[in-house]
Amino acid sequence: MLNLAGDWVLSHDGRDIPFALPGDGIDALHKAGVIPDPYFGRNEYGLRWISNSTWVARRSFTVPRTDLVLVASMLDTLVSVAVNGVTVLTSDNMFLSHRVDLSGALRVGENEITLTFGNVVEEAARRQAAQRYFVPFSANNTPIHNGNMLRKPSCDFGWDWNIALAPFGVYGDLYLEEAGPRIDHLVISQAHEPGKATVTVEARSEEEGAEVSFALCGVHARAVVRKGVARAVLPVENPALWWPAGQGAQPLHELVVKLGAHRLTRRIGLRQMELVTEKDAVGLGFKFRVNGRDVFAKGANWIPQDALSGRINAEDTRGLLQSAVDANMNMIRVWGGGRYEPTWFYDLCDELGLMVWQDFMFSCHIYPADDAFLSGVAEEVRQNALRLHHHACLAVWCGDNELIGALTWFPETRANRDQYLVGYDRLNRTIEQALKAAVPGAVWWPSSPSPGPMDFGDAWHDDSKGDMHFWSVWHEGRDFDHYRDVSPRFCSEFGFQSYPSMATIRKFADPKDWNIAAPVMESHQKNAGGNARIAETMFRYFRFPVDFENFVYVSQVQQGLAIKTAVTHWRSLRPHCMGTLIWQLNDTWPVCSWASLDHGGNWKLLHHMAKDFFAPVSVSAVPVVGGVELRAVNDTGAPVTLTVVAHAVRMDGQRRELARATIEVAGQAVPALHVAVEDGEMLAFTWEGAGEAGEDLFAPKPFKAYDLLPAKLAHSIKKAGQAFEITVEAQSLALFVSLEADQPGRFSDNAFTLFPGQPARITFTPDHLGPEPRFTLRDLHSATYGKDI
Ligand code: BMA
């Protein structure tokens, strides 16, 4: 194998610029000093010319023979490959992999290979003009137009959280290998019965009559290729089963398949994964069942890890996915406006126990429905299904993101819904059929959100069927309580924005721009009206923060509160509701957004709060007539006995017990207590039992309605190995106490409540060894009243 990754040169204005592949051209131009950092200030707007140009990269290499094959994947996007001036490949779909016979172009000794990246802006416009009818795209999201014409991540053209750069590059494989007998691909399926898993492996190959060997968990088999397939059935007795995080372990076994010298390996987790959608008295249920156990899905939506793919690497991805698991999540939705992730992403999810909801890459636009487009889609689906289907984490394949909604978003689609609905159905059926042809047992869901197969209803507002995207609080400006007016069966998107943390803001804005109306801050907010919505929400719930840094802090507190309101309520509906996926986990660049992690992986306050509200055993406070009901939930799969205690709390921190109860909780939420507090009091509650314990605070009124008292926070710091232990104490009830460090690292807890006389001990683990960190402490009183008023 000869790797062609590494050092290439990119031609620009008569200059040769170093271009490291895999990587993207914008990052290369920045590293070479040709352009400023695209993420700083308002630099983005000066860089649109890059996508409106053609680029050429080249390198040379030496080969001892010419019967070689080029393997290439994730070519972004209009790429033609030439070897010694002979065009060997023309690709216009970033989501395809290629194997190209180079024997006609190579020569023994030195060769030159060039990659020409076509102008995506011009080509997308040309294809739009060639359509039989106008194919609308989400122009609010994508300042670079017609992205729906190209098979490239939709969000590359801009999104309501993304910078619009439409980069070019190569992000996957680029190597030469010897031609020879090989297995083209494997189709792997599992069947389960008590004490036994049966794994069926089909090896597809053109080598008629060749023998193929199979080995898994000590079970061996051989089969001969007949009509292109060698098939083996591998029974595994008493299998060690794979479970989602929080439900059990994630054992993975190596499957080895050999044909002559060609050896393929796959890591297999043995599990039975079902999507159960059954009609019931309410509508259509929606839940995942793993190894026969109903699992409440807790997680978040994944968008590409960086707007510039050249800046993505497996180590950082692991950090983000580990943060998801550390916050008690068990599912990630790979959202349809980004990309099919590289194989190592799914390896990580297998290891971490993160179930993957995999969208096909179609989002929020209308798409062409002509034969040429659809046949490209079918090949894209086939390849990606074959590449990814064996992963234990893979829970469901979903047709697209929000394409049914898009039918109502454009004047053209509203005026001619028949035409666009038929077009949509052609696309959706192409995807479904290509998936099932490649992987017959694949779990399929037509769209997200969807009320169900062949139902084109409004899954943004109808909470009775299928999966829901509930956006009324953010996009329609409803109050947080409105989360409790709906009872989704499974909410696969709902979100509330905040500002990124100060450490992230410092990376793109000078102190003179630390103002929510500064053009730099506005340019790092891509959702029209987003900053106004954040500020308006503060007016509803809080006294206005005293300065910019506290505005950032309160924005994160209110984001956490919004999402906590939704999740605690929807968990308390279990088993009517069986899943909540927050929009969104990560950011592609430093920006105001719905993410719970800052760009780079730092935990925003929401992510700390998620760790608590996603805890396996938890108690939700739900306002009901005459007070508050405390409802207990248990996702562990085994019943627990819990003691729940409720207190009324005054602003000076004094508590009086209201009630207590001991209850048994299994797979269904259980009402534990019904309590009421007096005016000016909040409700504090704890739960304990079977090794599970937690506490929470609920304010029946908006926080601005309480006369908070100065918390007078005091803290001391002790070194504990590589980490630092910070003890924090308050003199009255202190709300959303938060710590920020002047260097990257992880706090054990944040946004917590303090009662006088009950100090909290928080650990800070820095990412790197370095100077002693300095900490900033905040709490709701000091952020909104000023210090000590
Ligand atoms: C959802 C997503 C994205 C979008 C988000 C926030 O519906 O599918 O399209 O970024 O809303 O508006």
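This report walks through a predicted protein model, from its domains and ligand site to single residues and backbone details.

Residues are numbered from 1 along each chain as its sequence is written, and side-chain values use heavy atoms, with hydrogens and water left out. Because the model is predicted, local features need pLDDT of at least 70 and side-chain atom pairs count only at pLDDT 80 or more, while totals for chains, interfaces and linings use all residues.

## Domains

The protein chain splits into domain 1 (2-178), domain 2 (185-268), domain 3 (279-367 + 384-400 + 433-613), domain 4 (617-705) and domain 5 (714-785). These bounds come from an automatic or database domain assignment. The centres of domain 2 and domain 3, taken over C-alpha atoms, are 34 Å apart. Domain 2 gives 15 residues to the contact and domain 3 gives 21 residues. Contact here means heavy atoms within 4.5 Å.

## The ligand site

Which residues stand around the ligand? They are Trp159, Asp160, Trp161, Trp335, Cys364, Asn401, Glu402, Trp471, His475, Glu493, Trp583 and Trp594. A residue is counted here if one of its heavy atoms lies within 4 Å of the ligand. The shell divides into 7 nonpolar, 2 polar and 3 charged residues. In this scheme Ala, Val, Leu, Ile, Met, Phe, Trp, Tyr, Cys and Pro are nonpolar, Asp, Glu, Lys and Arg are charged, and the others, Gly among them, are polar. Domain 1 (2-178) and domain 3 (279-367 + 384-400 + 433-613) each supply at least three residues of the shell.

Some side chains make polar contacts with the ligand. A polar contact is a pair of N or O atoms within 3.5 Å; within protein, one must be able to donate a hydrogen and the other to accept it, and residues adjacent in sequence count only if both atoms are side-chain atoms. An oxygen atom of the ligand is 2.3 Å from an N or O atom in the side chain of Glu402. For the side chain of His475, the distance from an N or O atom to a ligand oxygen is 2.7 Å. A polar side-chain atom of Trp161 lies 2.8 Å from an oxygen atom of the ligand. The protein covers 96% of the 310 Å² of accessible area that the ligand has on its own. Accessible areas come from the Shrake-Rupley method with a 1.4 Å probe; for residues, only the protein chains shown count as cover.

## Residues under cover

Buried means under 20% relative accessible area, exposed over 50%, and partly exposed in between (1.4 Å probe, protein chains only). Helices (H or I, at least four residues) and strands (E, at least two) are DSSP runs, numbered from the N terminus. The table takes four buried residues.

| Residue | Relative accessibility | Place |
|---|---|---|
| Ser472 | 1% | helix H9 (residues 472-475) |
| Leu403 | 2% | helix H6 (residues 403-406) |
| Leu561 | 14% | helix H13 |
| Ser53 | 19% | loop between helix H1 (25-31) and strand S5 (55-63) |

What do these residues touch, leaving aside neighbours within four places in sequence? Ser472 is in contact with His461, Gly477, Arg478 and His482. Leu403 touches Phe362, Ser363, Cys364, His365, Tyr367, Tyr424, Leu427 and Ser447. Ser53 meets Phe117, Gly118 and Asn119. The side chain of Ser53 also reaches the backbone oxygen of Trp49 at 2.5 Å.

Leu561 touches Phe480, Phe542, Met609, Phe703 and Phe736. Leu561 and Leu606 are 45 residues apart in sequence, with 7.9 Å between their C-alpha atoms. Leu606 is one of the buried residues of helix H14, and so is Met609. In H14 (residues 605-613), 7 of the 9 residues are buried. Their cover includes helix H3 (314-326), helix H13 (548-571) and strand S32 (617-624).

## Backbone details

Most residues other than glycine have a negative phi, and most peptide bonds are trans. Some places in this model differ. Asp13 has a positive phi of about 55°. Asp13 sits in the loop between strand S2 (6-12) and strand S3 (15-21). Is Asp13 buried or exposed? At 71% relative accessibility, Asp13 counts as exposed. Asn84 has a positive phi of about 50°.

A cis peptide bond joins Asp76 and Thr77, with omega about -20°. Thr77 lies in the loop between strand S7 (75-76) and strand S8 (79-83). The bond from Ser448 to Pro449 is also cis, with omega near 0°.
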